[in-house]
Amino acid sequence: MASGSADDPYYESEGADDRKIIVRMLNYKTTNETIREYFEQFGRIEKLDLKLDADQNSRGFCFITYSDEESREEAIKAGPPTLDGKEVIISKAIPYKDKMKTNRLFVGGIRDPLTEEDLKTYFSEIGNIQSIKLIPENKHERKKGFAFIEFDSQEAVEQAVDKKNPPRGQRHEINGVRVDCQKTYPEEHPAYKKIKKLKEDMRNRYAMYDYDYWGHGGYYGGYDYTGGYDYGYGYGGPSYYGYPQGGGYYRGGRFSGGRRGGGSAGGRSGYNSRGGMY
């Protein structure tokens, strides 16, 4: 096998993401030959990648890279075909790095004397701000220690978090106060369910120890930052800095969590079968 050529299963030619589709819900008996026979009618196929499990059985989805964008558009426009008696789903394959982008930023660890104006001044250097929302404590209307900032571009958020994806984030220092920034997502965003599941998995994993992984006591006065927002803001999982985002610190000021979160789930292709990302 020649590395760096189309024969290499990991090889991607320049601009391949703009010419790639994902085909899901395949019959597990459908072969490369059947897939190629149907999809070649729309244009020359540069690469066909049928995903297999450890036993070399089909996982029910594949990626097809055409030699030009027009062929991809024609394949999608033709609608879902039926292969081996099963209707499949066709869509553009969106890389993980693009699917995790958002124009919303979560800022945690805010404390006096930081004000909304301080946040606006600092983050305006990164990008144009559309809105800033400091979350108050219902009883006392105090700053709760975190805020949500919406920019007019995704690039501003990428810069603010140094292109890190949840559960990782980036630390900033504003007027002597260190705050932690992380991407956040509205409920309709493709990453929402993925991050929500991460939070639930981590909570279940630590439930056996009679502790809530997302915080016990003190941070933000023991208030769970999600407080009615659930996971729509996408701030969850153990942070890059070794403490969890939901409740924060144990009583006595010690970090809960205490280890770096992270790792991306998925293979080298950078996509998965649920709409194209791992």
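**Aromatic pairs and nonpolar cores**

At 0% relative accessibility, F146 counts as buried, the cut-off for that label being under 20%. Its ring partner in this predicted model is F106, also buried, again with a relative accessible area of 0%. The two ring centres sit 5.5 Å apart with the planes at 25 degrees, so this pair goes down as stacked, since stacking asks for planes under 30 degrees apart. In sequence terms the partners are 40 residues apart and bring together distant parts of the chain: F106 belongs to strand β7 (residues 104–108), while F146 comes from strand β9 (residues 143–151).

That stacked pair is part of a wider set, with 8 aromatic pairs in the structure. Another of them joins F39 to F42; here the centres are 6.5 Å apart and the planes meet at 55 degrees, so the pair is tilted. Both of these phenylalanines are buried. Ring pairs also bring in Y38, which makes a cluster with F39 and F42. Elsewhere, a charged side chain comes into play: K20 lies over the face of F63, at 6.0 Å from the ring centre.

Turning to the nonpolar cores, the largest one has 19 residues, and L105, V107, F123 and V179 are those with the most contacts inside it. Two or more residues of this core come from each of β7, α4 (116–123), β9, α5 (154–160) and β11 (177–184). Apart from it there is another core, this one of 17 residues, including V23, Y38, C62 and A75. Y38 thus turns up twice, as a member of this second core and of the ring cluster with F39 and F42. In soluble globular proteins, nonpolar side chains tend to be buried together.

V179 is worth a look for its neighbours. Leaving aside residues up to four places away in sequence, V179 touches V107, G108, G109, I110 and L114, and on top of these Q170, R171, H172 and I174. One of these contacts, V107, is itself listed with V179 among the residues with the most contacts inside the largest core.

As for the chain overall, there are 6 helices and 11 strands. Of its 278 residues, 45% are buried. Taking contacts between residues at least 6 apart in sequence, 64% join residues at least 24 apart. The accessible surface adds up to about 15000 Å², with 44% of it belonging to carbon and sulfur atoms.

Note on methods. Residues numbered from 1 in each chain as written. Predicted model: local features only at pLDDT ≥ 70, side-chain atom pairs only at ≥ 80, totals over all residues. Heavy atoms only, no water. Phe/Tyr/Trp six-rings, centres within 6.5 Å; stacked < 30°, edge-to-face > 60°. Buried < 20%, exposed > 50% of the residue type's maximum accessible area, 1.4 Å probe, protein only. Helix = DSSP H or I, 4+ residues; strand = E, 2+ residues; numbered from the N terminus. Lys NZ or Arg CZ within 6 Å of the ring centre and 35° of its normal. Core = buried A, V, L, I, M, F, W, Y, C linked by side-chain atoms within 4.5 Å. Contact = heavy atoms within 4.5 Å. Areas by Shrake-Rupley, 256 points an atom, 1.4 Å probe, with all protein chains shown as cover.
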